[in-house]
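Dear colleague,

Here is the structure I promised to pass on to you, with the sequence alongside. My notes on what was found in it follow below, so that you can read them with the model open.

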Amino acid sequence: MAHHHPASRRSSRRDSEALSRRPSIDPSRLIPMDKVFQIPGSDDFNVVFVGAGNIMFGSDEGPWNHSFRFEHKLGPRLKVVALIDPNFDRATTVLFKKRETFVRSAYEKTRIFKTLEEFVESMLPRDRPRAVIVGSPPMFRGTTRPGRDIELQILRHFPGVALFIEKPIATGPEDEIAEAFKISQAIVDSGAVCSVGYMLRYLKGVQMIKQIIEDNNLQVMATIARYACAYEAIAKPDWWDKSKSCGPVVEQGTHFCDLSRYFGGDVDISSVTAHSLEWHENAGQLHKQTIDESLIAPENRIPRVTSATWKYENGAVGSFSHVVALQGRNYSCELEVYADGYQFKLVDPYVQPVLYIRRPGSDLEETHRFPDDDPFFSEVSNLIDVIEDIEEDPESATILSSFEDACKTYELTWAIRRASEKSRKNV
Ligand SMILES: NC(=O)c1ccc[n+]([C@@H]2O[C@H](COP(=O)([O-])OP(=O)(O)OC[C@H]3O[C@@H](n4cnc5c(N)ncnc54)[C@H](O)[C@@H]3O)[C@@H](O)[C@H]2O)c1
């Protein structure tokens with residue numbers, strides 16, 4: 001197995017040749033957190049965290065927790081110079097907890113600010129960040145409009161700093177999608193390293209599918225994706241309100257629309273068709289909601305089922321269903337990818353990923369399991385290695401989700417929502 005030994009730093013800056021590396025990673029290079037060598041040295045690695053919520057500091061809702069992965073990747077080099085969150089109390093509480101633990105050296109000097117501008121105004125030169133990690137709600141990002149333009153603020157104040165942005169890249173009105181592509185262009189023009197949080201791309205199972213497709217020069221013929229969430233566990237009122245979170249396809253199904261695109265390629269957006277089961281239809285009654293849906297305006301309540309099909313630009317067909325029906329905690333998610341002679345079926349990517357493969361010449365299904373796989377860590381690990389320009393060989397570190405790619409996923413999810421709304425019966 002390839003280990004991440006201390007490696008040399010490339011002398012030249014990343015060039016366009018390196019940027020055009022194939023967007024995949026050899027699955028054997030996706031190494032669990034406890035097996036990765038930390039890059040030695042005492043040079044501090046300054047980061048700014050934007051958002052002090054679940055994605056940054058963890059929760060009962062799932063395994064996400066970026067701070068934890070940064071701590072493991074960077075070890076004592078990690079210095080969180082600022083935590084930006086308008087909710088000062090929440091930020092104070094998470095910082096207090098960190099300072100109680102053995103990772104306190106990363107948080108000892110962390111200062112809390114309500115906005116990035118406030119940090120910039122009082123920043124000491126030694127606090128200049130090498131990376132800004134953005135985990136604020138998407139309604140405050142992905143546009144050129146004041147207050148919703150964190151990416152442009154970062155590019156303006158910290159030219160050249162690396163960016164990590166959570167998915168989805170925005171949740172705004174459909175007519176603002178063009179703005180997101182403008183942000184993407186600004187990021188590309190600035191030359192900044194940028195990774196978007198579609199972590200499922202870093203799953204070993206996903207990279208195994210990618211490798212077989214590349215090695216055998218396969219053409220994907222179809223992607224079939226199903227995302228059934230456990231709604232009982234979703235206690236955030238905003239999630240149930242389309243005016244806030246843009247609906248479950250844009251906010252959550254986005255992970256599987258993105259994976260579908262990762263295999264199928266660009267989508268002919270004009271081909272997207274969709275149907276929904278709405279909250280007011282008989283079959284749409286739910287009995288275990290933990291939020292009070294009557295507080296949400298009827299026109300903003302979310303559909304229970306959204307089912308879409310589309311054409312990819314190479315002719316392949318994509319299909320996706322998002323279902324709000326399950327109770328309990330675990331989601332039920334599956335993605336199938338078909339090519340001549342091949343079926344790849346990825347099951348339960350969030351909790352216990354299993355990949356079933358059927359190959360030419362056989363009716364048997366192989367089963368692959370991936371214990372210890374942590375796509376959240378692989379995502380952070382690859383980002384840091386790309387920022388540090390560490391190289392053993394040209395394919396050792398790769399960012400699998402660019403801002404532009406994420407814009408295209410956002411555009412697809414909006415097209416699905418819009419198509420389902422057009423085809424529904426009105427109340
Ligand atoms: N990849 C994944 O699996 C995954 C999992 C969870 C969340 N996410 C994404 O992470 C993002 C945040 O989700 P969350 O669950 O952490 O939400 P959250 O509500 O738990 O936390 C968001 C935090 O951002 C703060 N905030 C609000 N406005 C802000 C602003 N303008 N600047 C800085 N901070 C601001 C809030 O006060 C809050 O503390 C969303 O885009 C979500 O989709 C991704």
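Ser307 stands opposite Ser321, which belongs to strand β10, and I begin there because the model, which is a predicted one, can be followed outwards from this pair of strands. Strand β9 and strand β10 (residues 317-326) run antiparallel and are joined by seven bridges. Helix α11 (residues 248-264) packs on the sheet, where it touches β7 (220-230), β9, β10 and β11 (332-339), and its direction makes about 155° with that of β7. Helix α13 (residues 403-423) also packs on the sheet, touching β8, β9 and β10, with a direction that makes about 65° with that of β8.

The sheet itself is open and has eight strands, in the order β8-β9-β10-β7-β11-β12-β13-β14, with mixed pairing. Its edge strands are β8 and β14 (366-369), each of which pairs on one side only, and the twist from one strand to the next averages 10°.

At the β8 edge, β8 and strand β9 (residues 305-311) pair in the antiparallel sense over five bridges, and Leu277 has Val305 of β9 as its bridge partner. Strand β8 (residues 273-277) has two faces, a covered one with Ala274 and Ser276 and an uncovered one with Thr273, His275 and Leu277.

Another residue to look at is Tyr198, which lies in the loop between β6 (194-196) and α9 (204-215). Tyr198 counts as buried because 25 other C-beta atoms lie within 10 Å, where the cut-off for a buried residue is 20 or more. Leaving aside residues up to four places away in sequence, Tyr198 touches Lys167, His255, Asp258, Ser401 and Ala406. Tyr198 and Ala274 are 76 residues apart along the chain, and their C-alpha atoms are separated by 23 Å.

As for annotation, an unreviewed UniProt entry places the feature "domain: Gfo/Idh/MocA-like oxidoreductase N-terminal" at residues 45-198. Over residues 45-198 the chain is 38% helix and 18% strand, and the C-alpha atoms at the two ends are 24 Å apart.

Finally, the ligand is surrounded by 21 residues, of which the closest are Gly53, Asn54, Ile55, Asn87 and Ser136. The shell around the ligand divides into ten nonpolar, seven polar and four charged residues.

With best wishes

Definitions and conventions
Residues are numbered from 1 along each chain as its sequence is written. This is a predicted model: local features need pLDDT of at least 70, side-chain atom pairs count only at pLDDT 80 or more; totals for chains, interfaces and linings use all residues. A residue is near a molecule or strand if its C-beta atom, placed from the backbone, lies within 6 Å of it. Ala, Val, Leu, Ile, Met, Phe, Trp, Tyr, Cys and Pro count as nonpolar, Asp, Glu, Lys and Arg as charged, and the others, Gly among them, as polar. A residue is buried if 20 or more other C-beta atoms lie within 10 Å of its own, exposed if 12 or fewer, and partly exposed in between; C-beta atoms are placed from the backbone. Helices (H or I, at least four residues) and strands (E, at least two) are DSSP runs, numbered from the N terminus. Two strands pair if DSSP finds at least two bridges between them. UniProt positions are given in the numbering used here, feature names are shortened, and annotations may be inferred rather than shown by experiment. Axes are lines fitted to C-alpha atoms, for helices over the stretch in contact, and angles run from 0 to 180 degrees between N-to-C directions. Two residues are in contact if their C-beta atoms, placed from the backbone, lie within 7 Å.
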